[in-house]
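Work through these exercises with the structure open beside you. Try each task before you read its solution.

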Amino acid sequence: MNILPLYEVPEYAEQVTDWLWHAFGEGVPREFFSSVIAHSQKPGALPLTFVAVDNDRLLGTVGLWRCDLITRQDLYPWLAALYVDEAARGKGLASQLQDCVKSYAVHAGYSELHLWSACRDFYERYGWHYIGDGLEYPNKTVHLYRYSLTGSAGVTTE
């Protein structure tokens with residue numbers, strides 16, 4: 001199994017777009033996710049999408065985005081759109097995808113990452129620190145997390 005930037009294997013772009021739209025696209029047109037994926041095809045620029053591939057089979061995806069929550073543009077950058085195919089779940093791939101983004105972010109000079117999730121008690125097991133709630137458009141409360149890439153814990157913010 002390899003985790004690669006999507007720009008190295010662009011033939012998976014349509015499948016990634018469909019995954020993200022079905023998993024996260026409630027009320028959002030597919031074109032939104034297609035645009036994110038299309039603009040994540042440039043090395044060294046954000047957004048950046050990674051994919052896990054095994055024997056030409058797409059297993060999962062994750063992104064490093066400039067912004068994933070419009071109401072919290074003060075937080076930057078974001079681990080976003082983590083998705084693992086149902087057949088590949090329960091085998092540690094979510095952790096491996098997160099580690100890939102964390103490693104890339106360290107090498108890019110970032111000191112922390114952020115993410116939001118509608119659920120609790122998933123990301124904590126990977127070392128993420130809950131920092132408060134945020135508001136996702138149009139009126140959905142989500143949970144915010146920070147991951148320190150330098151070893152110090154995140155500070156609670158509102």
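**Exercise 1. Classify two tyrosines, then describe their pair.**

Task: Decide whether Tyr-76 is buried, partly exposed or exposed. Do the same for Tyr-110.

Solution.
- Step 1. Tyr-76 has a relative accessibility of 34%, so it counts as partly exposed. The model is predicted, and these values are computed from it.
- Step 2. Recall the cut-offs: buried is under 20%, and exposed is over 50%.
- Step 3. Tyr-110 has a relative accessibility of 21%, so Tyr-110 is partly exposed too.
- Step 4. Now look at the two rings. Tyr-76 and Tyr-110 form an edge-to-face aromatic pair, with 5.6 Å between centres and 85 degrees between planes.
- Step 5. Place them in the chain. Tyr-76 is in the loop between strands E3 (57-65) and E4, while Tyr-110 is in the loop between helix H3 (93-107) and strand E5 (112-117). The pair links distant parts of the chain, 34 residues apart.

**Exercise 2. Examine the peptide bonds before two prolines.**

Task: Which kind of peptide bond joins Tyr-76 and Pro-77? Which kind joins Leu-46 and Pro-47?

Solution.
- Step 1. Omega between Tyr-76 and Pro-77 is about -10 degrees, and the bond is cis. Pro-77 sits in the loop between E3 and E4.
- Step 2. Omega between Leu-46 and Pro-47 is about 5 degrees, and this bond is cis. Pro-47 sits in the loop between helix H2 (30-38) and strand E2 (48-54).

**Exercise 3. Explain a link between a helix and a strand.**

Task: How many aromatic pairs does the structure hold? Why does the pair of Trp-19 and Tyr-83 tie together separate parts of the sequence?

Solution.
- Step 1. The structure holds 10 aromatic pairs.
- Step 2. Trp-19 and Tyr-83 form one of them: the pair is tilted, at 4.9 Å centre to centre and 45 degrees between the planes.
- Step 3. Trp-19 belongs to helix H1 (residues 13-24) and Tyr-83 to strand E4 (residues 78-84), so the pair ties together parts 64 residues apart in sequence.
- Step 4. Check the burial. Trp-19 has a relative accessible area of 9%, so it is buried. Tyr-83 has 14%, so Tyr-83 is buried as well.

**Exercise 4. Find charges over rings.**

Task: Which ring lies under the charged end of Lys-102? Which lies under that of Arg-120?

Solution.
- Step 1. Begin with the rings. One aromatic cluster is formed by Phe-122, Tyr-123, Tyr-126, Trp-128, Tyr-130, Tyr-145 and Tyr-147.
- Step 2. The charged end of Lys-102 sits over the ring of Tyr-147, 3.8 Å from the ring centre.
- Step 3. The charged end of Arg-120 sits over the ring of Tyr-130, 3.8 Å from the ring centre.

**Exercise 5. Describe a strand pair.**

Task: Do strands E6 and E7 run parallel or antiparallel?

Solution.
- Step 1. E6 (residues 129-136) and E7 (residues 140-148) run antiparallel, joined by seven bridges.
- Step 2. Within this pairing, Leu-135 stands opposite Thr-141 in E7.
- Step 3. A hairpin of three residues connects E6 to E7.

**Exercise 6. Judge the whole chain.**

Task: What is the order of elements, and how compact is the chain?

Solution.
- Step 1. Count three helices and seven strands. From the N terminus, they run β-α-α-β-β-β-α-β-β-β.
- Step 2. The radius of gyration is 15 Å, close to the 15 Å from the globule rule for 158 residues, so the chain is as compact as a globular protein of that length.
- Step 3. Of the 158 residues, 44% count as buried.

Methods: Residues numbered from 1 in each chain as written. Predicted model: local features only at pLDDT ≥ 70, side-chain atom pairs only at ≥ 80, totals over all residues. Heavy atoms only, no water. Phe/Tyr/Trp six-rings, centres within 6.5 Å; stacked < 30°, edge-to-face > 60°. Helix = DSSP H or I, 4+ residues; strand = E, 2+ residues; numbered from the N terminus. Buried < 20%, exposed > 50% of the residue type's maximum accessible area, 1.4 Å probe, protein only. Lys NZ or Arg CZ within 6 Å of the ring centre and 35° of its normal. Pairing = 2+ DSSP bridges. Rg over C-alpha atoms; globule rule 2.2 N^0.38 Å.
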